Amino acid sequence: KYKKKGYSAFYAERVKKMKLPFEIDLKGKVAVVTGGGGVLCSGFAKTLAACGAGVAVCDLRLDAAEQVAREIREDGGNAIGVAANVLERDSMEAAKKEIAEKLGTCDILLNGAGGNNPRGTTTKDYLEPADLDGAVEGVKTFFDLDPAGIEFVFNLNFLGTLIPTQVFAIDMAKKPGSTIINVSSMNSFRPLTRIPAYSGAKAAVSNFTQWLAVHFAKVGIRVNAIAPGFFITNQNTSLLLNPDGSYTARAEKIIAHTPMGKFGTPEDLTGTLLWLCDNAASGFVNGVVVPVDGGFAAYSGV
């Protein structure tokens, strides 16, 4: 029944039924999740709420944020949906004010907003000699990339992590045991073909994670990142699935280079998230980027 809706709908239903591999005590904590209306970050929000945190589900799309918050409340958790544009300081300040009034000040910041854009993507893996003879309909090479599109992708991922951190970390620095978790990508370790803007932006997020970990060390904020491997989400469904639900050639290539032979699901990120949030478990872990990729980065293809 998911062939028409895609795997992202399948994942969304799985998130509703998510069971925690283990629980940590987040009672009295406030968690802010940007990009919370998406497939993976809605899973993060629900996980944190299941452990007792009050969760602010922040998203550019208020309806998506409120839907996730509603599902959390229906499951007995405490959550609010908040409209927030991670690229606008005023929008984030307004979100912070609303969150403080309804839940309190932030203890856990999960910077999950991000994504790619077709304007920062080539249509082929390689530039070939024939591509130099002139423009070909339907083919976009490196030389055809739109600088404005590259800028948008970079800003969405990097500034979309920096600005929320500037807004919320000022309060977190006054609360011992606060933690920031950024969402990087396996692209940050080794760039993927066709998506130079996204790969470069996520590499910046990983580097920024390390920088922040050092910068905030004396005020007691730990900063780490999760680097998911390949997950089918709303943003990449059309790239990885055909209309009938079968894998595209690119998806087949990904699976062939993932030793575990499958795409990840939101539950696959749950344990790493809980570990990084729990000061009792990871209190001396700071400035790391944790791959969750089914062995993709370890496989050389041979």
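Is Phe143 buried or exposed, going by its relative accessibility? Before I answer, please keep in mind that what we have in front of us is a predicted model. With a relative accessibility of 58%, Phe143 counts as exposed, because the cut-off for that class is over 50%. Phe142 is placed in the exposed class too, since its relative accessibility comes to 57%.

Let me stay with these rings for a moment. Searching the whole structure turns up 6 aromatic pairs, and Phe142 with Phe143 is one of them, an edge-to-face pair whose centres lie 5.3 Å apart, with 75 degrees between the planes. Another pair is made by Tyr247 and Phe263, whose ring centres are 5.3 Å apart and whose planes stand at 80 degrees, so this pair is edge-to-face. Here the two partners come from distant parts of the chain, 16 residues apart: Tyr247 sits in the loop between helix H7, residues 237-240, and helix H8, residues 249-256, while Phe263 belongs to the loop between H8 and H9. The two rings also fall into separate accessibility classes, for Tyr247 is partly exposed at 26%, whereas Phe263, at 5%, counts as buried. I would also point you to Phe154, Phe158, Phe208 and Trp211, which ring pairs join into a cluster.

Now to the loop between strand S4, residues 108-111, and helix H5, residues 147-172, where we find Thr141. Its relative accessibility is 12%, and because buried means under 20%, Thr141 counts as buried. If we set aside residues up to four places away in sequence, Thr141 touches Thr122, Leu127 and Asp131.

The last topic is a pair of helices. In general, the packing of two helices is described by the angle between their axes together with the distance between those axes. For helix H2, residues 39-50, and helix H9, residues 267-277, the angle is about 50 degrees and the axes are 10 Å apart. That angle makes H2 oblique to H9, and the crossing of the two helices is right-handed.

Which residues meet there, in H2 and in H9? From H2 they are Leu40, Phe44, Thr47 and Leu48, and from H9 they are Leu269, Thr270, Leu273, Leu274 and Cys277. Sorted by character, the residues of this contact of H2 with H9 comprise 7 nonpolar and 2 polar ones, with no charged residue among them.

To return to where I began, Phe143 counts as exposed, while Phe263, in its pair with Tyr247, counts as buried.

How values were computed. Residues numbered from 1 in each chain as written. Predicted model: local features only at pLDDT ≥ 70, side-chain atom pairs only at ≥ 80, totals over all residues. Heavy atoms only, no water. Axes fitted to C-alpha atoms, helices over the stretch in contact; angles between N-to-C directions. Helix = DSSP H or I, 4+ residues; strand = E, 2+ residues; numbered from the N terminus. Parallel < 35°, antiparallel > 145°, perpendicular 65-115°, else oblique. Left-handed = near helix turned anticlockwise from the far one by under 90°. Contact = heavy atoms within 4.5 Å. Nonpolar A, V, L, I, M, F, W, Y, C, P; charged D, E, K, R; others polar. Phe/Tyr/Trp six-rings, centres within 6.5 Å; stacked < 30°, edge-to-face > 60°. Buried < 20%, exposed > 50% of the residue type's maximum accessible area, 1.4 Å probe, protein only.
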